Amino acid sequence: MAAVAGHEDTRTRLLATALRLFTAHGVEGTSLQMIADELGVTKAAVYYHFKTKDEITEAVVEPGLRELESIVGEAERERRPGARIDHMLAGFVDLVVRHRALVALFSSDPGVARALEKHFFGKESCMVGMMTILTGPDPDPARVVAAHAAVAGIALAGGSPDLAHYDDDTLRESLLEVGRKLLGRPRRRG
């Protein structure tokens, strides 16, 4: 049991280190050797956990994608369309605020974009489910554009270094307000 815990601890530290280095240097600018050096282990120790940098990148983004899938599933179970939209919006904003560094990479790094493609943009993906919730059935073009603008805007703003000085609560409240406006949702009462 202790060996498994040690293995998971090393893997967790490796992923946290990779995210930190990806944020500083980009996925393409980060080597497996840099990750090993930062961790104080050999490159072979990194290879024990992951065979390629793409595997590391996928593992770094996977928890956020799993969380997003869960939010989409919860929103789909809401009875009313407005409640589905509100749940999806609040959940997405929360996810973006909690994972600012990762979200910044989503929008700026081609290595992360590659890792996202298979999970986020496939036929049965999170993005399809999220857009279906936000647009509703038979949406007109303006509704589709508004939903895409809301999701992209929330992600870009949430991961923006220009907004990093805002505390989580301020950023969350502001992103929710903007998202509600874009989606035509009523303002929440205090």
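This dialogue reads a helix, several salt bridges, a pocket and a loop residue in a predicted model.

Student: How many residues does helix α9 have, and what span should they give?

Tutor: Helix α9 covers residues 141–158, which is 18 residues. At 1.5 Å a residue the expected span is 26 Å, and the end C-alpha atoms lie 25 Å apart, which agrees.

Student: Which residues of α9 are buried?

Tutor: Burial is judged by relative accessible area, with under 20% counted as buried and over 50% as exposed. In α9 the buried residues are Ala146, Ala147, Ala150, Val151, Ile154, Ala155 and Gly158. They occupy an arc of only 150° around the axis, so they sit on the same side of α9.

Student: Which residues are exposed on the other side of α9, and what covers the buried ones?

Tutor: Pro141, Ala142 and Val145 are exposed on the other side of α9. The cover over the buried residues includes α5 (81–98), α6 (100–108), α8 (126–135) and α10 (168–183).

Student: I should like to turn to charged pairs. How many salt bridges does a search of the whole structure find?

Tutor: Side chains of opposite charge can pair when their charged atoms come close. Here the search of the whole structure yields nine salt bridges.

Student: Which residue forms a salt bridge with Glu67, and how far apart are the closest N and O atoms?

Tutor: The partner of Glu67 is Arg98, and their closest N and O atoms are 1.8 Å apart. This pair links distant parts of the chain, with Glu67 in helix α4 (residues 53–76) and Arg98 in helix α5, 31 residues apart. Glu67 is partly exposed, at a relative accessible area of 24%, and Arg98 is also partly exposed, at 43%.

Student: Where do Arg185 and Asp86 lie?

Tutor: Arg185 and Asp86 form a salt bridge whose closest N and O atoms are 2.8 Å apart. Asp86 belongs to helix α5 and Arg185 to the segment after α10, so the pair ties together parts that are 99 residues apart in sequence. Asp86 is buried, because its relative accessible area of 18% falls under the 20% cut-off. Arg185 has a value of 22% and is partly exposed.

Student: What is the N to O distance between Asp94 and Arg172, and which residues are linked in a network of salt bridges?

Tutor: The side chains of Asp94 and Arg172 meet in a salt bridge at 2.5 Å, N to O. Since Asp94 lies in helix α5 and Arg172 in helix α10, this pair ties together parts that are 78 residues apart in sequence. Asp94 is partly exposed, with a relative accessible area of 28%. The network of salt bridges links Glu67, Asp94, Arg98, Asp169 and Arg172.

Student: How much space lies in the second largest pocket, and which residues lie nearest its centre?

Tutor: Rolling a probe the size of a water molecule over the atoms shows where empty space is left. The second largest pocket holds about 220 Å³ of space. Of the 13 residues in its lining, Leu19, Val60, Pro63, His99 and Leu102 lie nearest the centre. The elements giving two or more residues to this lining are α1 (2–25), α4 and α6. The largest share, six residues, comes from α1.

Student: Finally, where is Asp138 found, and is it buried or exposed?

Tutor: Asp138 is in the loop between α8 and α9. Its phi is positive, about 50°, although Asp138 is not a glycine. Asp138 is exposed, with a relative accessible area of 78%.

Note on methods. Residues are numbered from 1 along each chain as its sequence is written. This is a predicted model: local features need pLDDT of at least 70, side-chain atom pairs count only at pLDDT 80 or more; totals for chains, interfaces and linings use all residues. Side-chain values use heavy atoms; hydrogens and water are left out. Helices (H or I, at least four residues) and strands (E, at least two) are DSSP runs, numbered from the N terminus. The expected span of a helix is 1.5 Å times one less than its number of residues. Buried means under 20% relative accessible area, exposed over 50%, partly exposed in between (1.4 Å probe, protein chains only). The arc is that of the directions from the helix axis to the C-beta atoms. Contact means heavy atoms within 4.5 Å. A salt bridge is a side-chain nitrogen of Lys or Arg within 4 Å of a carboxyl oxygen of Asp or Glu. On a 1 Å grid over the protein atoms alone, a cavity is a set of points where a 1.4 Å probe fits but cannot get out, and a pocket is an open set with protein on both sides within 12 Å along at least five of seven lines; lining residues have an atom within 4 Å of a point. Grid points are joined across faces, edges and corners, and a volume is the space filled by probe spheres set on the points.
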